[in-house]
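Work through the exercises below with the sequence and the coordinates at hand. Each task is followed by a solution that goes step by step.

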Amino acid sequence: MHFVGTTGSVALVVVAGVLGEPLLLIAALVCGYFFAWLSHMLIERNRPATFTYPLFSLAGDFHMWALMWLGRMDAEAERLSASGRSDQPAP
């Protein structure tokens, strides 16, 4: 869901730039945050870091998005899980 929201946001920013339509920038924010927060609430069951660390949260989202595009997210999640650095509770 993070991937869908970030991809939609990036697409809306590009379209806003091409068309010169600033309202699409607001739609880009809504798209990105909607899917990310929905994911945190329904799937991850944790609290997003958006309000506590907004820039770090945004950077982390784009890092995760890039890893997914490159097909390396599964390996990264496995690496973090094995190192104990995951913020998810152990099963």
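Rings of Phe, Tyr and Trp, the last taken by its six-membered ring, count as a pair if their centres lie within 6.5 Å, and the pair is called edge-to-face if the planes are over 60 degrees apart. The model treated here is a predicted one.

**Exercise 1. The fold and its confidence**

Task: Describe the secondary structure of the protein chain, and state where confidence is lowest and where it is highest.

Solution: Begin with the count of elements, which gives four helices and zero strands. Reading along the sequence then yields the pattern α-α-α-α. Next, take the extent of the C-alpha trace, which spans about 45 × 25 × 20 Å along its principal axes. Of the 91 residues of the chain, 18% count as buried. Turning to confidence, the mean pLDDT of the chain is 91, and 93% of its residues reach 70 or more. Finally, confidence is lowest in H4, at a mean of 92, and highest in H1, at 97.

**Exercise 2. The aromatic pairs**

Task: Classify the geometry of the pair Phe34 and Phe35 and that of the pair Phe62 and Trp65, and say which residues ring pairs link into a cluster.

Solution: A pair of aromatic rings is described by the distance of the centres and the angle of the planes. The search of the whole structure finds six aromatic pairs. For Phe34 and Phe35, the centres are 5.2 Å apart and the planes stand at 80 degrees, an edge-to-face arrangement. Phe34 is partly exposed, with a relative accessible area of 46%, and Phe35 is partly exposed as well, at 25%.

For Phe62 and Trp65, the centres lie 6.0 Å apart and the planes are at 90 degrees, so this pair is edge-to-face. Both residues belong to helix H3, where they are three residues apart, about one turn of the helix. The cut-off for a buried residue is a relative accessible area under 20%. Trp65 therefore counts as buried, since its relative accessible area is 18%, whereas Phe62, at 36%, is partly exposed. As a last step, follow the ring pairs outwards: they link Phe3, Phe62, Trp65 and Trp69 into a cluster.

**Exercise 3. Sequence separation and distance in space**

Task: How far apart in space, C-alpha to C-alpha, are Trp65 and Val4, and how far apart are Glu21 and Leu38?

Solution: Take Trp65, in helix H3, as the starting point. Trp65 is separated from Val4 by 61 residues in sequence, and their C-alpha atoms are 9.1 Å apart in space. Then place Glu21, which sits in the loop between H1 and H2 and is partly exposed, with a relative accessible area of 34%. Glu21 and Leu38 are 17 residues apart in sequence, and their C-alpha atoms are 27 Å apart in space.

**Exercise 4. A salt bridge**

Task: Which side chains meet in a salt bridge, and is Glu76 buried or exposed?

Solution: Side chains of opposite charge can pair when their charged atoms come close. A search of the whole structure finds one salt bridge, and the side chains of Glu76 and Arg79 meet in a salt bridge with an N to O distance of 2.8 Å. Both residues lie in helix H4, three residues apart, about one turn of the helix. Glu76 counts as buried because its relative accessibility is 18%, while Arg79, at 43%, counts as partly exposed.

**Exercise 5. A positive phi angle**

Task: Where does Arg45 lie, and what is its phi?

Solution: Arg45 is found in the loop between H2 and H3. Its phi is near 55 degrees, a positive value in a residue other than glycine. Arg45 is also exposed, with a relative accessible area of 68%.

**Exercise 6. The largest pocket**

Task: Give the volume of the largest pocket, and state which helix gives the most to its lining.

Solution: The volume of the largest pocket is about 1,500 Å³. Its lining consists of 44 residues, and those nearest its centre are His2, His40, Gly60, Asp61 and Met64. Helices H1 (2-19), H2 (23-44), H3 (54-70) and H4 (73-83) are the elements that give two or more residues to this lining. H3 gives the most, with 12 residues. By residue class, the lining divides into 22 nonpolar, 14 polar and eight charged residues.

Key
Residues are numbered from 1 along each chain as its sequence is written. Side-chain values use heavy atoms; hydrogens and water are left out. On a 1 Å grid over the protein atoms alone, a cavity is a set of points where a 1.4 Å probe fits but cannot get out, and a pocket is an open set with protein on both sides within 12 Å along at least five of seven lines; lining residues have an atom within 4 Å of a point. Grid points are joined across faces, edges and corners, and a volume is the space filled by probe spheres set on the points. Ala, Val, Leu, Ile, Met, Phe, Trp, Tyr, Cys and Pro count as nonpolar, Asp, Glu, Lys and Arg as charged, and the others, Gly among them, as polar. Rings of Phe, Tyr and Trp (its six-membered ring) pair if their centres lie within 6.5 Å; planes under 30 degrees apart count as stacked, over 60 as edge-to-face and the rest as tilted. Buried means under 20% relative accessible area, exposed over 50%, partly exposed in between (1.4 Å probe, protein chains only). pLDDT is the predictor's confidence in each residue, from 0 to 100. A salt bridge is a side-chain nitrogen of Lys or Arg within 4 Å of a carboxyl oxygen of Asp or Glu.
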